[in-house]
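Student: I have a sequence and a model open in front of me. Could you show me how to read them, feature by feature?

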Amino acid sequence: MSIPSSAEPDDALETIPVQDGIVVDLLDKWRSATARLEEGDDVDTRWARGSAVKLLLQHMAVRESAKNAVTEALRAKGEDQLADRLDGDGIARREAMDRLDKKVRGRQAISLNFPEVDEAVAELGRYFDAEHDDELRDLLPAAERVLGPLEERDLPSARQVRLTSTTHPSPVPKWYDRATPLRAVRAWYQHLRGTPTGGTSPAVDEGREHLPGPGR
């Protein structure tokens, strides 16, 4: 499927490839910073690396919210097999997000350079790396063929996706995950508690164009 040239998606389906691109960039930044720190300590590098961690979790949350909306729409059309393939190892991926959320919540970005966080980021990165190529190449185009063009799709808008992007998702969705107002409140609170004063490094979040979630 095509990604909007402005990188500003209109709905949940268009949100997934945009978020995939951002996550790839953030993982690259985190891995590059990791390599630089192995050569010697540097405060700016630690700040940038920790910022990548915070933003990675937030953008994985937006991606997860979009994937949830698309898989629900596919199931409503009887496309359970395609929905299952798009969700991938969803339970394990959401559990990995939960573990990272517990490590980073309430901490400033520069404080996120310790082994437990590294392990949680690496785990989440492995789930993402295992699925995003197939997602872009096969699964999203297949979903677009089923759901139709933008003007015919009954999907949440990109803004609605961000508003319900919880960083602490239920591995197996519960009843309150299907109540949009409750998801929006939970998402707002979770993004807020995950972003203490101190902010993220401009080297990673230049112009705050990466800012996801309810605050956008």
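**Reading the helices and cores**

Tutor: Start at the beginning of helix 2: a side-chain oxygen of D42 comes within 3.2 Å of the backbone nitrogen of D44. A polar contact is a pair of N or O atoms within 3.5 Å; within protein, one must be able to donate a hydrogen and the other to accept it, and residues adjacent in sequence count only if both atoms are side-chain atoms. Keep in mind that this is a predicted model: local features need pLDDT of at least 70, side-chain atom pairs count only at pLDDT 80 or more, and totals for chains, interfaces and linings use all residues. Residues are numbered from 1 along each chain as its sequence is written, and side-chain values use heavy atoms, with hydrogens and water left out.

Student: How many helices and strands does the protein have?

Tutor: Helices (H or I, at least four residues) and strands (E, at least two) are DSSP runs, numbered from the N terminus. Here there are seven helices and zero strands. The pattern along the sequence is α-α-α-α-α-α-α.

Student: What span is expected for helix 2, and what does it reach?

Tutor: The expected span of a helix is 1.5 Å times one less than its number of residues. Helix 2 covers residues 43-76, 34 in number. From first C-alpha to last it reaches 50 Å, close to the 50 Å expected. Just after helix 2, G78 has a positive phi of about 80°. Helix 4 (residues 90-104) has 15 residues; it should span 21 Å, and its end C-alpha atoms are 21 Å apart, which agrees. G106 follows helix 4, with a positive phi near 75°.

Student: How many residues of helix 2 are buried?

Tutor: Buried means under 20% relative accessible area, exposed over 50%, partly exposed in between (1.4 Å probe, protein chains only). In helix 2, 26 of the 34 residues are buried, so the helix is largely enclosed by the rest of the structure. Across the 216 residues of the protein, 49% count as buried. Helix 4 has buried residues too, including R93, R94, D98 and D101.

Student: Is S51 buried or exposed?

Tutor: S51 is buried, at a relative accessible area of 0%. S51 lies in helix 2. Its side chain reaches the backbone oxygen of W47 at 2.8 Å. S51 and L112 are 61 residues apart in sequence, yet 8.2 Å apart in space, C-alpha to C-alpha.

Student: Which residues touch the most other members of the largest nonpolar core?

Tutor: A nonpolar core is a set of buried Ala, Val, Leu, Ile, Met, Phe, Trp, Tyr and Cys residues joined through side-chain atoms within 4.5 Å. The largest has 20 residues, and V53, M60, L100, V117 and V121 touch the most other members. Helix 1 (12-39), helix 2, helix 4 and helix 5 (115-147) each give two or more residues to this core. Helix 2 gives the largest share, six residues.

Student: Where is confidence lowest in the protein, and where is it highest?

Tutor: pLDDT is the predictor's confidence in each residue, from 0 to 100. The protein's mean is 83, and 75% of its residues reach 70 or more. Confidence is lowest in helix 7 (residues 180-193), at a mean of 58, and highest in helix 3 (residues 80-87), at 97.
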